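Me: Please go through this structure with me, setting each label against the rule behind it.

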Amino acid sequence: MSDVSWLLDEQLAPRSPLAGRPLDARALAAAEPILEVAGIGAWQYTPGGTLWWSNQTRRIHGVSAGFVPTLDLAVNFYVPEHRQIVADAVERASQDGKPWDLELAIRRGDGERRQVRARGRAVRRKRSEALYLLGTFEDITDRHVAATRAARELELRSRTETLLRDVISGIPAALSVYDADERLILVNEVYRDILPGNRQFMVPGETLANIITRKVMANHYVPEISADDPPEARAAWVADYLRQHRAAGYKRVFHPADDKFMQASTAISESGNIVSIRTDVSELKRAERELRRRAEEDTLTGLANREVLLYRLEQAAQGERPGFLILLDVDFFKAVNDSLGHAAGDLLLRIVGRRLRMLVGKIGGPGSIAARLAGDEFALIINRAVDPDHLAELATGLMTRMRRPMQLGASRYAPSVSVGIAPFPDQPCDPKLLLANADAALLDAKRQGRGRHVIFSAALAERVVRRTQLAEALRRALAASELQAALQPQQRLRDGKVLGFEALARWQHGSQWVPPSEFISLAEDVGLAQSLGHAVMEAAMAGFAAMLAAGLEPGHLAINVSTAQLLADDFVDQVAAALARHAIPPRRLEIEVTETVLLDRSTARIGQTLEALRAMGCTLAMDDFGTGYASLSHLTSFPVDRIKIDRSFTHAIDSEDGSGLIARSLIQLGGALGLEVIAEGVETDSQRNFLFTHGCSAIQGYWFARPMLPDAAMAWLRAQAG
């Protein structure tokens, strides 16, 4: 309920309930406009039995101006269960002067039920025993309904009663009234309490213009206007303030202090009085700021979110100030999540976010921000001119800062990041283009092996265009079944026989062969990995089946499959259908997967697919073994038959010390686990002899045979058999 009615009642009656002189009808009539502005009715009961109602009181009861109220009639307006309450309150007030303040229900003259607040007190003349009753009457139905609804929706605001009333019904806690000549005639104590700095200015009889002018000189309206502004500026501001203040329905929010917000509103009565209301909306404004902060902030890291970044990019893309956009990804973040758990992954992202925020504070100019886009993707907008020659140095420093070890639970981890940088344009451009430039640089950094940075340039733009064109050409080539499979033989070391062939993707675009490292990664980036894998499998099986049909012994056919293929619901059925179509026994097919595949979040689903393939009769091999993450755990988690030593470890055999330590260790590990070991990339006699001496099962590489298209591979195999 509003305190306004009580405060006005205080103005209408003496402080002591049993002393003083009651207001006469003229005094009540004079106060009536002020009461009507606040939506409050007044009444007075005289010793002669006369009951006077103000116009607002009549409107609340739903009676005409000619209606003559009596005390009994007034009581009978209340619903039956509340009549005795009112009668008892009047009786107590008459006997001991105790005032009443009740929230009750009435039935209006038209039968409508309304919720009201009735207040009253008894007053006796000093020199007689004549008893007067007077009080206020307020229709609070709408406020009562709204308060119930708002209390559910705005629980935070319910603690502050004054603020809640303001939100619900617009009834303020502070009140000042100016007459038609704009002279202050009333200001309550609540006004002075809420705005203590205004006490010296709120002097009855002072004009509104003088009050506002004095407040301006006391810097009450900074930063809008201050005492240091030119006199003409101050005069114009005061004139505009007065113009708005005089307008009906005026509302405005002032910010007189860092933690204080005041809402001002005015209403003009029929008599020309200006009722000015001030409400403390500090809590509401703080809540609004908190909601805005949450809407603009990433909940995990506290950095700006994607929407804020895009908004800032729109400004940066106007070419009005120097700077650059940095995109970065945390390398192998999935591995951290899968091996250490999501809690560790979240902690890693929070630490990275904290480091980026500190970095922006150190190197960024005004308006620079750090943002989290999604997952392990972050972005920095740096509003600062940096010489192109020093941009690489800055990027290197950023990566070094990110690589500092951090504690993730019981594990200590030093993350690496891949970074793409796009300088702001000199001319306005589409912000999406700026983001695409940085994204292209980031993608190029990942293709180069991660843990490095790339700055967008014209040369990179040309590569992006080529890659886009190449992606479309690859799409057409797959649709036209133009992809081919080369077959590279594998030799069993114990007897020199052919162990099998590995299928390798080949694509001739026009008159040139496109490097597999280029178009395979391209297929993964543009969503063609499944189609590419299917095309290679078909071409390889066709060539392998021709060898079997010719009566040759090609051993097994090893085909590398991607994550996208293993996650396809019908992949096992596709393999079974292809084997049947080419009349190849399942035991002849070996499925190769890399550790990168096994690092995917869907490891359980991939494991089920591999188990189904093995149950069909296929064998499984882990390719590029030793280059991934948590290799030993994968060997015990997946049904692997062979491991393949990565070519980098094979080449290390010919290093200066010639120890081939890693290759030798992997061979011993495979033997201990009962697995065959195939070494890739064998090119020299010394490499072959080392592997044979240390018990490697088989080799693959140029020393034995190069990859060949199916017809050449068949001729080669026939020559081997002859």
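Me: What makes Asp569 count as exposed?

Reply: Asp569 has a relative accessible area of 73%, and the rule calls a residue buried under 20% relative accessible area, exposed over 50% and partly exposed in between, with a 1.4 Å probe and protein chains only, so Asp569 is exposed. This is a predicted model, in which local features need pLDDT of at least 70 and side-chain atom pairs count only at pLDDT 80 or more, while totals for chains, interfaces and linings use all residues. Residues are numbered from 1 along each chain as its sequence is written, and side-chain values use heavy atoms, with hydrogens and water left out.

Me: Why is the pair of Arg605 and Asp569 called a salt bridge?

Reply: The closest N and O atoms of Arg605 and Asp569 are 2.4 Å apart, and a salt bridge is a side-chain nitrogen of Lys or Arg within 4 Å of a carboxyl oxygen of Asp or Glu, so the pair qualifies. The pair links distant parts of the chain, with Arg605 in helix H23 (residues 603–616) and Asp569 in the loop between helix H20 (563–567) and helix H21 (571–581), 36 residues apart. Helices here are DSSP runs (H or I, at least four residues) and strands likewise (E, at least two), numbered from the N terminus. Arg605, at 36% relative accessibility, counts as partly exposed.

Me: How do you know that Arg476 and Glu472 form a salt bridge, and where do they lie?

Reply: Their closest N and O atoms are 3.9 Å apart, which the 4 Å rule admits, so the pair is counted. Both residues belong to helix H17 (residues 458–479), where they are four residues apart, about one turn of the helix. Glu472 is partly exposed, its relative accessible area being 38%.

Me: What makes Lys644 and Glu680 a pair that ties parts of the chain together?

Reply: The closest N and O atoms of Lys644 and Glu680 are 3.2 Å apart, and the two form a salt bridge. Lys644 lies in strand E24 (residues 642–645) and Glu680 in strand E25 (residues 676–680), so the pair joins parts that are 36 residues apart in sequence. Lys644 counts as buried at 0% relative accessibility, and Glu680 counts as buried at 6%. Elsewhere, salt bridges that share partners join Arg108, Asp110, Glu112, Arg114 and Asp139 into one network, and by this rule the count of salt bridges comes to 25.

Me: Why is Ser418 called buried, and which side chain does its side chain meet in a polar contact?

Reply: Ser418, found in strand E16 (residues 417–423), has 0% relative accessibility and therefore counts as buried. Its side chain makes a polar contact with the side chain of Asp331 at 2.7 Å; such a contact is a pair of N or O atoms within 3.5 Å, where within protein one must be able to donate a hydrogen and the other to accept it, and residues adjacent in sequence count only if both atoms are side-chain atoms.

Me: Which residues have the most contacts inside the largest nonpolar core?

Reply: They are Leu483, Trp507 and Leu691, in a core of 75 residues, to which helix H19 (residues 529–549) gives the largest share, nine residues. A nonpolar core is a set of buried Ala, Val, Leu, Ile, Met, Phe, Trp, Tyr and Cys residues joined through side-chain atoms within 4.5 Å.
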